[in-house]
Amino acid sequence: MAVKISGEALRLRIFIGEDARWHHKPLYHAIVLKAREMGMAGATVMRALEGFGPTSRIHTVNLLDLSSDMPILVEIVDSKEYVEKFLPVLDTMVDAGLITIYPVKVVKYTHNQTNDPHIDRDNSQ
């Protein structure tokens with residue numbers, strides 16, 4: 001099944017700590033797996049270089065002050081319908097973190113199944 005989204009959508013951002021767990025798995029990984037299970041368009045996980053949260057404790061990759069529990073950002077862009085279905089699931093998974101939603105306009109969302117950027121799928125024979 002090909003997932004297609006276009007036009008108005010929502011960007012869901014989940015800010016959590018790298019050490020957060022869900023059923024013995026890293027929370028960020030569990031969120032990605034759950035998003036895929038629920039048929040969402042995709043998810044991306046990014047590890048931050050530095051940041052702080054409500055405790056104001058700085059977490060950094062600076063070698064002089066190497067921290068554990070680095071900030072992690074999970075980002076998902078999908079239709080309003082899918083994001084709204086996913087929010088209650090996130091509520092049960094995320095004990096500590098920040099969840100934000102932004103309106104976005106999807107300009108292009110494609111997948112080249114041939115993995116060859118020189119082949120136009122619509123015109124290939």
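Helices, of at least four residues, and strands, of at least two, are taken here as DSSP runs numbered from the N terminus. On this basis, the predicted model contains two helices and eight strands. Along the sequence, these elements follow the order β-β-β-α-β-β-β-β-α-β.

The chain comprises 125 residues, of which 27% are buried. Its exposed surface amounts to about 9,000 Å², and carbon and sulfur atoms contribute 53% of that area. Among contacts with a sequence separation of 6 or more, 72% join residues that lie 24 or more positions apart. Several individual examples of such pairings are described below.

The packing of the helices was examined next. Helix α1 spans residues 27-37 and helix α2 spans residues 80-93. The two pack at an angle of about 155°, and their axes are 11 Å apart. Angles over 145 degrees count as roughly antiparallel, and α1 and α2 are therefore assigned to that class. The crossing of the two helices is right-handed. On the α1 side, the contact is formed by L27, A30, I31, K34 and A35, which meet F86, V89, L90 and M93 of α2. By class, this contact between α1 and α2 includes eight nonpolar residues and one charged residue, with no polar residues.

Further positions within the two helices were also characterised. In helix α1, L33 is partly exposed, with a relative accessibility of 26%. The C-alpha atoms of L33 and A43 are 9.1 Å apart, at a sequence separation of 10 residues. In helix α2, K85 is likewise assigned to the partly exposed class, at a relative accessibility of 46%. K85 and M40 are 45 residues apart along the chain, and 9.9 Å separates their C-alpha atoms.

L87 is another residue of helix α2. With 27% relative accessibility, L87 counts as partly exposed. Beyond its neighbours within four places in sequence, L87 is in contact with L12, I99 and I101. For one of these partners, L12, the separation from L87 is 75 residues in sequence and 9.2 Å between C-alpha atoms.

The contacts of strand β8 were considered in turn. This strand covers residues 98-106 and includes T100. The relative accessible area of T100 is 17%. Since the limit for a buried residue is under 20%, T100 is classed as buried. When neighbours within four places in sequence are set aside, the contacts of T100 are with R11, L12, R13 and F15. L12 thus appears among the contacts of T100 in strand β8 and also among those of L87 in helix α2.

The loops on either side of strand β2 provide further detail. Strand β1 covers residues 7-17 and strand β2 covers residues 21-22, and A20 is located in the loop between them. A20 is partly exposed, its relative accessible area being 23%. Apart from residues up to four places away in sequence, A20 touches K25, P26, L27 and D69. One of these partners, L27, also takes part in the contact of α1 with α2. A20 and G97 are separated by 77 residues in sequence, while the distance between their C-alpha atoms is 9.4 Å.

The loop between β2 and β3, the latter covering residues 25-26, contains H23. H24 is found in this loop as well. Both histidines are non-glycine residues with a positive phi, near 50° for H23 and near 70° for H24. Relative accessibility is 59% for H23, which places this residue in the exposed class. H24 is also exposed, with a relative accessibility of 80%.

Taken together, these results describe a predicted model with two helices and eight strands, in which the helices α1 and α2 are roughly antiparallel. The residues examined include the buried T100, the partly exposed A20 and the exposed H23.

Conventions:
Residues are numbered from 1 along each chain as its sequence is written. This is a predicted model: local features need pLDDT of at least 70, side-chain atom pairs count only at pLDDT 80 or more; totals for chains, interfaces and linings use all residues. Side-chain values use heavy atoms; hydrogens and water are left out. Axes are lines fitted to C-alpha atoms, for helices over the stretch in contact, and angles run from 0 to 180 degrees between N-to-C directions. Angles under 35 degrees count as roughly parallel, over 145 as roughly antiparallel, 65 to 115 as roughly perpendicular and the rest as oblique. A crossing is left-handed if the near helix is turned anticlockwise from the far one by less than a right angle, and right-handed if clockwise. Contact means heavy atoms within 4.5 Å. Ala, Val, Leu, Ile, Met, Phe, Trp, Tyr, Cys and Pro count as nonpolar, Asp, Glu, Lys and Arg as charged, and the others, Gly among them, as polar. Buried means under 20% relative accessible area, exposed over 50%, partly exposed in between (1.4 Å probe, protein chains only). Accessible areas come from the Shrake-Rupley method with a 1.4 Å probe; for residues, only the protein chains shown count as cover.
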